[in-house]
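Reader: I have a chain to look over. Can we go through charge, overall shape and packing?

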Amino acid sequence: MLLECIICRKEKDDLSDEHVIPDALGGYYHIHTVCKKCNSKLGSYVDTKLVNHLFSTFQRYSTGLKGKSGTIPNPFSGTHTLKDDEEQKVRLEKDENGVFVPYLIMGSPDVTKENDKTTITIKIDARDKNKLPSIIKKIAKRNNFNVEDIQIDTDLDKYSHKFRPEVIIKTSVDLDEFKIGLLKIAYEFAVDSIPEYYNDEKAILISKDLENCKITTNDLFIGSGFDKDMFNAFKFILDISSNKHYLILCHTKKLGLICMIYLSNTFSIGVKLSTNEYLNENFIFGINDIENKNFEKLDINQIHERIYSPMKLRYGYLFQTEDECQKFKKIEQSNDFEFYKDTNGNQPLYDKDGNAVYSDINEKLEVLDNVSILDFDSKDLISEVNFEDEELYIKIKPDNILLRVVVVRSEQYYIGSI
Ligand SMILES: [Zn+2]
């Protein structure tokens, strides 16, 4: 079957498994709308910008995320120098406890000649002490000496030993090119979540850039790429201190359709995807859980259901007589007590004669605008509404008695971020 690849926009019969978030970064979000050729190009020229970024290697090292080769990257790979002796080259190697320890790389021997005496000085790592005889043999051969003529002066006191020497690491950090990797994530997430977006004018430009592995479209990004603060607005919803990746699609009046990306402890950016409106008030969240190895997509209502307990309604009643009140209290204590609900789980509101006025109480709650939030500082959602404008009753079981309701208090308690 021929289907259009969302990157080259050509009809292809080899659409393949594309990781929206690179798997070396613990991504579990797969789409099957990218052809093989584009998939492999993105892997080589776009995803690598993120995967091999210095900050990613630190993060992968600290979380033990293995790459395609099955190894955890060493963010300190390469040759460095000692602060005390900038001529001295060292490598940083992990010891058995996973601690980085400098390993002294033997440089060229220092040869000085005085009369008929030649002094050769070498510096080796203390751990290479037992290799000394073979090292001496090699030096002797290279300098045409007999090993027997060599006087070895390896007084242990002359071994200098320094605990935790300072190592100078010169490295470079890409501050710009990695952004194409984030642009790819934003574009693929948007096309996968909002099918109409695929034909957006800007989406076409972005896919061209991704196909050519080079950004030419202007004004795409919000923030430097490392600006965690832009996620403060979502702190009740997302836990950016966790080891998760988050993607958010939303529409803002000023910037249009944007995708916000937070890759655990490394990158955070906003991508301006379009000035057209697609989502109305909705948000689409993508949550990539590295520990549980899954990715899920939730809209704002599903997020709400996750972070708050189910809504509990409490009613304030109006009783005509003290007797009625006492009678109700008794029923409320009984085991059979229950609010009447229809077969769909709706809780109707009635007039005093028992005719249903609203098929469900939420219909009434939705039209009221006199909701008062009781505690704005609390993360919990607790509000009250008055039914002053209408005489309404709810039915209670077991005897189908009608009770006049004057106040409804709705309670939803904050459970925690996701
Ligand atoms: Zn393609």
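Author: Charge comes first: Lys and Arg count as positive and Asp and Glu as negative, while His and the chain ends are not counted. The place of a charge is NZ of Lys, CZ of Arg, CG of Asp or CD of Glu. This is a predicted model, where local features need pLDDT of at least 70, side-chain atom pairs count only at pLDDT 80 or more, and totals for chains, interfaces and linings use all residues. Residues are numbered from 1 along each chain as its sequence is written, and side-chain values use heavy atoms, leaving out hydrogens and water.

Reader: How many positive and negative side chains, then?

Author: The protein chain has 55 positive and 70 negative ones, and the centres of the two sets lie 8 Å apart.

Reader: Shape next. Is the chain spread out or a compact globule?

Author: Its radius of gyration (over C-alpha atoms) is 34 Å, well over the 22 Å from the globule rule for 418 residues, so the chain is more spread out than a compact globule. The rule is 2.2 Å times the number of residues to the power 0.38. Along the principal axes, the C-alpha atoms fill a box of roughly 125 × 55 × 35 Å.

Reader: What percentage of the residues is buried?

Author: 41% of the 418 residues, with buried meaning under 20% relative accessible area (1.4 Å probe, protein chains only).

Reader: And which residues touch the most others in the largest nonpolar core?

Author: Tyr187, Tyr197, Leu249, Ile261 and Leu273, out of 50 members. Such a core is a set of buried Ala, Val, Leu, Ile, Met, Phe, Trp, Tyr and Cys residues joined through side-chain atoms within 4.5 Å.
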